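Me: I'd like a close look at one part of this protein and how the rest is arranged around it. Could you pick a well-connected residue and work outward from there?

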Amino acid sequence: MSRSSDKGATEPLAALVAVFAVSTGLALYAGVLDGALVSATGDRNVAAPTADSVEQRLSTAGVVAPDRVADALAVIPTGYEGNVTVRAGQRWSVGPSPPVDTARARRTVSVRVAPATVRRGTLRVSVW
């Protein structure tokens with residue numbers, strides 16, 4: 001006579017591995033599907049990653065140097081136009097005026113407005 005506890009039993013480790021495999025598969029599928037939909041529709045927001053690159057290019061030790069704004073257009077992706085504007089009491093800008101329907105990203109940054117003087121400001125990047 002067999003014991004009833006042996007029927008339909010699953011090892012706990014095997015069950016955890018199966019749950020992990022299914023979860024990983026779903027996550028990968030969702031990631032690939034999201035990437036495919038973005039590439040199919042062409043609605044890719046290039047402003048946000050470009051703003052990150054611009055901020056890194058303009059910053060030293062986390063403080064934006066307005067005299068570097070002219071160099072900011074070098075990180076605009078190939079095939080795109082861009083405008084970079086830094087404001088902290090004053091305004092520094094480079095690039096043509098952006099159209100109304102352009103992708104935009106805004107960051108709050110620290111800006112060196114004078115030697116030993118840092119103010120809170122904004123970095124706005126427009127890409128089209």
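Reply: Let's start at Leu 123. Leaving aside neighbours within four places in sequence, Leu 123 is in contact with Ala 51, Val 54, Glu 55, Leu 58, Val 84, Thr 85, Val 86, Ala 105, Arg 106, Arg 107 and Val 109. Keep in mind that this is a predicted model.

Several of those names come back when you look at the core. The largest nonpolar core has 21 residues, and Leu 123 is among those with the most contacts inside it, along with Leu 58, Val 84, Val 86 and Val 111. Helix 2 (47-58), strand 3, strand 4, strand 5 (103-114) and strand 6 each give two or more residues to this core. As a general matter, nonpolar side chains in soluble globular proteins tend to be buried together.

Now for the sheet around Leu 123. Across from Leu 123, which sits in strand 6, stands Val 86. Strand 6 covers residues 117-127 and is joined to strand 3 by 6 bridges, with the two running antiparallel. Another facing pair across these strands is Arg 87 and Thr 122, the latter in strand 6.

Strand 3 deserves a stop of its own. Of its 7 residues (82-88), 6 are buried, so strand 3 is largely enclosed by the rest of the structure. Besides strand 6, strand 3 has strand 4 (residues 90-94) as a partner, through 5 bridges and again antiparallel. Here Val 84 stands opposite Val 94 of strand 4, and Thr 85 has Ser 93 as its bridge partner in that strand. Strands 3 and 4 make a hairpin with 1 residue between them, and Gly 89 takes a positive phi near 80° there.

Strand 6 also pairs with strand 5, in the antiparallel sense, over 11 bridges. One of the partnerships is Arg 112 with Val 118 in strand 6. These two strands form a hairpin as well, this one with 2 residues between them, and Ala 116 in the turn has a positive phi of about 65°.

Step back and the whole sheet reads like this: 6 strands, open, in the order 1-2-5-6-3-4, with mixed pairing. Strand 1 (59-60) and strand 4 are the edges, each pairing on one side only. Along the chain, from the N terminus on, the elements go α-α-β-β-β-β-β-β, for a total of 2 helices and 6 strands.

Follow strand 6 towards its end and you meet a polar link. Thr 102 is in the loop between strand 4 and strand 5. Not counting residues up to four places away in sequence, Thr 102 touches Ser 126, Val 127 and Trp 128. A polar atom of the Thr 102 side chain lies 2.8 Å from the backbone oxygen of Val 127. Is Thr 102 buried or exposed? Its relative accessible area is 11%, and the cut-off for buried is under 20%, so Thr 102 counts as buried.

Then there are the charged pairs. The count of salt bridges comes to 2. Asp 52 forms one with Arg 107, their closest N and O atoms being 2.7 Å apart. That pair links distant parts of the chain, with Asp 52 in helix 2 and Arg 107 in strand 5, 55 residues apart. Arg 107 also turned up among the contacts of Leu 123. As for Asp 52, it is partly exposed, at 37% relative accessible area.

The other salt bridge is between the side chains of Arg 112 and Asp 67, at 3.7 Å from N to O. Arg 112 lies in strand 5 and Asp 67 in the loop between strand 2 (63-64) and strand 3, so this pair ties together parts that are 45 residues apart in sequence. The two ends have their own exposure classes: Arg 112 is partly exposed at 37%, whereas Asp 67 counts as exposed at 62%. In general, side chains of opposite charge can pair when their charged atoms come close.

A few totals put all this in context. Buried residues make up 25% of the 128 residues in the protein. Among contacts between residues at least 6 apart in sequence, 53% join residues at least 24 apart. The protein exposes about 8,800 Å², and carbon and sulfur atoms supply 56% of that.

Technical notes
Residues numbered from 1 in each chain as written. Predicted model: local features only at pLDDT ≥ 70, side-chain atom pairs only at ≥ 80, totals over all residues. Heavy atoms only, no water. Buried < 20%, exposed > 50% of the residue type's maximum accessible area, 1.4 Å probe, protein only. Helix = DSSP H or I, 4+ residues; strand = E, 2+ residues; numbered from the N terminus. Pairing = 2+ DSSP bridges. Contact = heavy atoms within 4.5 Å. Areas by Shrake-Rupley, 256 points an atom, 1.4 Å probe, with all protein chains shown as cover. Core = buried A, V, L, I, M, F, W, Y, C linked by side-chain atoms within 4.5 Å. Polar contact = N/O pair within 3.5 Å; in protein donor to acceptor, adjacent residues only side chain to side chain. Salt bridge = Lys/Arg side-chain N within 4 Å of Asp/Glu carboxyl O.
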